[in-house]
Amino acid sequence: MPRHSETKYRAVTAFQRRLNAVMRRLPGHTLLETTGRTSGLARRTPVGGRRVGDSFWLVSEFGERSQYVRNIKADPRVRVRLHGRWYTGTAHLLPDDDPVARLRTLPRMNSLAVRVVGAALLTVRVDLDR
């Protein structure tokens, strides 16, 4: 990874770590809960995305470098909190999907933030259990 990209990654993740600690506590914010690949503990990450039918779509701004994506690779069973309600599901990483086109279908503010800070975009689909 080029030096500029690495610096950007470190700065953004340091900022997100602090912001996410606050966002996780907001009752209406969407959360993705994965299982830590090393610890086995629940890891909750605020995300932006949209539910379409029985699927929840989001785009990871750092692709496979994102910790929640690494956790999904180890265990794709996840939970998503939408509008204060938890749903279980199975996450799928979609490297062949066009993440820029996908962002156009997701909430604007989150999509803008992902485009601005993102380096290696990756689409993620969560198939929600019924």
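Here a visitor asks a guide how some features of this predicted model get their names.

Visitor: What makes the contact between Asp-54 and Arg-130 a salt bridge?

Guide: The cut-off is 4 Å between a side-chain nitrogen of Lys or Arg and a carboxyl oxygen of Asp or Glu. In this pair, N and O are 2.7 Å apart, so the contact between Asp-54 and Arg-130 counts as a salt bridge. The pair links distant parts of the chain: Asp-54 sits in the loop between strand 3 and strand 4, and Arg-130 in the segment after strand 7, 76 residues apart.

Visitor: Why is Arg-130 called exposed, and Asp-54 partly exposed?

Guide: Exposed means over 50% relative accessible area, and buried means under 20%. Arg-130 has 88%, so the word is exposed. Asp-54 has 30%, which falls in between, so Asp-54 is partly exposed.

Visitor: How do you know that Lys-73 and Glu-64 also form a salt bridge?

Guide: Their N to O distance is 2.7 Å, and the limit is 4 Å, so the pair qualifies. Glu-64 is partly exposed, because its 42% lies between the 20% and 50% limits.

Visitor: And what about Arg-125 and Asp-127?

Guide: Their closest N and O atoms are 2.8 Å apart, so this pair passes the 4 Å test as well. Asp-127, at 25% relative accessibility, is partly exposed.

Visitor: How many salt bridges are there in the whole structure?

Guide: A search finds eight. Glu-33, Arg-44 and Arg-79 are linked in a network of such bridges.

Visitor: What makes you say that Arg-79 lies over the face of Trp-86?

Guide: The charge must be within 6 Å of the ring centre and within 35 degrees of the ring normal. Arg-79 is placed over the face of Trp-86, at 4.1 Å from the ring centre. Arg-102 is likewise over the face of Trp-57, at 3.7 Å.

Visitor: Why are strand 2 and strand 3 called edge strands?

Guide: The sheet is open, with seven strands in the order 2-1-5-6-7-4-3 and antiparallel pairing. Strand 2 and strand 3 each pair on one side only.

Visitor: How do you know that strand 5 and strand 6 are paired?

Guide: Pairing needs at least two bridges, and these strands have six, so they count as paired, in the antiparallel sense. Within this pairing, Arg-77 stands opposite Thr-90 in strand 6.

Visitor: Which helix lies across the strands?

Guide: Helix 2, residues 67–74, lies across several strands, including strand 1, to which the helix runs at about 50°.

Note on methods
Residues numbered from 1 in each chain as written. Predicted model: local features only at pLDDT ≥ 70, side-chain atom pairs only at ≥ 80, totals over all residues. Heavy atoms only, no water. Helix = DSSP H or I, 4+ residues; strand = E, 2+ residues; numbered from the N terminus. Buried < 20%, exposed > 50% of the residue type's maximum accessible area, 1.4 Å probe, protein only. Contact = heavy atoms within 4.5 Å. Axes fitted to C-alpha atoms, helices over the stretch in contact; angles between N-to-C directions.
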